[in-house]
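This note is written for a colleague who is meeting the structure for the first time. Please read the numbered points with the sequence and the model side by side.

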Amino acid sequence: MAQNIYDNPDFFAGYSQLPRQVHGLDGAPEWPAIRAMLPDVAEKRVADLGCGFGWASRWFREQGAASVAGYDLSHNMIARARADTSDPAIDYRNADLEVLDLPQAVFDLVYSALAFHYVADFDRLIRMIHKALAPGGDLVFTIEHPIFMAAAHPHWTLDEDGRKTWPVNGYSVEGERRTDWFAKGVLKYHRTLATTLNTLIGAGFALRRVQEFAPTAAQIEAMPVLAEELERPMMLLVAARKA
């Protein structure tokens, strides 16, 4: 079973105050880039893996999706998603992505935001998703970028010129990474960029688009703190299609 850190009271309290949780998709600077990678969802059956508070699930329905199934390990997340949603076409369920087994060919789009890096067996997950998609179905997901999460102690340092620098070490050593973020010992799994993309290809996906998120000039002007995101990619955005 995956670590259920989101039901840790300290973690959940801190996480709930993040702009992306207070303001929803409008609080996520990468959302415009993700939205551009998504297919037309009108009349589509959508699965939202790691649905959290249900922001994306509700957005898919607003865009005309026929149905949305949201899955999350956290009981806190599912409870909040259900409380904030009155749409009967959205079904939220508690599920562990490590062992989730969706029925075959029941979805047209599988979406996930910042959840897959908590899963140890990425290959099993991706093959299961491929099976669950109808022919021509899409997978769009975001994860923490391998450069962002590779280091044993990921945090800003200053170089000789006083410029912010992000450490990259142990990049080719895949596996567990533990960090302190709202709570001690948050468990994630580092995989190289090559492993991530080759796992998709090996499962039968055709890559449509890969993006290493960086804020636009307009976003930085509106929120200057985002300028530091130009120093290293924090997120990897991937769109793939079932061949």
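The points below go from the overall fold to the cores, the enclosed spaces and some single residues.

1. The model under review is a predicted one. Its chain has 243 residues, of which 50% are buried. The secondary structure consists of nine helices and eleven strands. When contacts between residues at least 6 apart in sequence are taken, 65% of them join residues at least 24 apart.

2. Which residues touch the most other members of the largest nonpolar core? They are Phe116, Ile129 and Leu139, in a core of 30 residues. Two or more residues each are given to this core by strands S1 (45–49), S2 (67–72), S4 (107–113), S5 (133–144) and S11 (235–242), and by helices H6 (122–132) and H8 (193–203). Helix H6 supplies the largest share, with six residues.

3. Ile129 deserves a separate look within this core. Apart from its neighbours within four places in sequence, Ile129 is in contact with Leu49, Val110, Phe116, Leu139 and Phe205. Phe116 and Leu139 are thus among the contacts of Ile129, and both are also named with Ile129 as the residues that touch the most other core members. A second core, separate from this one, holds 26 residues, including Leu25, Trp31, Cys51 and Ile90.

4. Helix H4 (residues 55–62) should be examined for its burial. Ala56, Ser57, Arg58, Trp59 and Phe60 are buried in this helix. The cover over the buried residues of H4 includes helices H3 and H5 (75–83) together with strands S1, S2, S3 and S4. Just after H4, Gly64 has a positive phi of about 100°.

5. The next point concerns enclosed space. The count of cavities of 30 Å³ or more comes to one, and the largest cavity has a volume of about 70 Å³. Its lining is formed by Phe116, His117, Phe122, Ile143, Glu144, Pro146, Met149, Tyr189, Arg191 and Thr196. Strand S5 and helix H7 (146–149) are the elements that give two or more residues to this lining. By class, the lining has six nonpolar, two polar and two charged residues. Phe116, one of the residues with the most contacts to other members of the largest core, is also part of the cavity lining.

6. Is Lys188 buried or exposed? Lys188 counts as buried because its relative accessible area is 6%, below the 20% limit for burial. This lysine lies in strand S9 (residues 186–190). Its side chain makes a polar contact of 2.6 Å with the side chain of Glu144. Glu144 in turn is one of the residues that line the largest cavity.

7. The second largest pocket contains about 170 Å³ of space. Among the 13 residues of its lining, Asp26, Gly27, Ala28, Pro29 and Gln219 lie nearest the centre of the pocket. Helices H3 (31–37) and H9 (217–222) are the elements that contribute two or more residues to this lining. The lining divides into nine nonpolar, two polar and two charged residues.

8. Phe213 is found in the loop between strand S10 (205–212) and helix H9. Although it is in a loop, Phe213 is buried, with a relative accessible area of 7%. Not counting residues up to four places away in sequence, Phe213 touches Pro29, Glu30, Ala33, Gln219, Pro233, Met234, Met235 and Leu237. Glu30 is 183 residues from Phe213 in sequence, yet their C-alpha atoms are 6.6 Å apart. Two of the residues touched by Phe213, Pro29 and Gln219, are among those nearest the centre of the second largest pocket.

9. Two backbone angles merit a check. Most residues other than glycine have a negative phi. Glu43, which is not a glycine, has a positive phi of about 65°. Its place is in the loop between H3 and S1, and Glu43 is exposed, with a relative accessible area of 63%. Ala105, likewise not a glycine, has a positive phi of about 55°. This alanine lies in the loop between strand S3 (90–94) and S4, and it counts as partly exposed at 33% relative accessibility.

How values were computed. Residues numbered from 1 in each chain as written. Predicted model: local features only at pLDDT ≥ 70, side-chain atom pairs only at ≥ 80, totals over all residues. Heavy atoms only, no water. Helix = DSSP H or I, 4+ residues; strand = E, 2+ residues; numbered from the N terminus. Buried < 20%, exposed > 50% of the residue type's maximum accessible area, 1.4 Å probe, protein only. Polar contact = N/O pair within 3.5 Å; in protein donor to acceptor, adjacent residues only side chain to side chain. Core = buried A, V, L, I, M, F, W, Y, C linked by side-chain atoms within 4.5 Å. Contact = heavy atoms within 4.5 Å. 1 Å grid on protein atoms, 1.4 Å probe; cavity = no way out; pocket = protein on both sides within 12 Å on 5 of 7 lines; lining within 4 Å. Points joined across faces, edges and corners; volume = space filled by probe spheres on them. Nonpolar A, V, L, I, M, F, W, Y, C, P; charged D, E, K, R; others polar.
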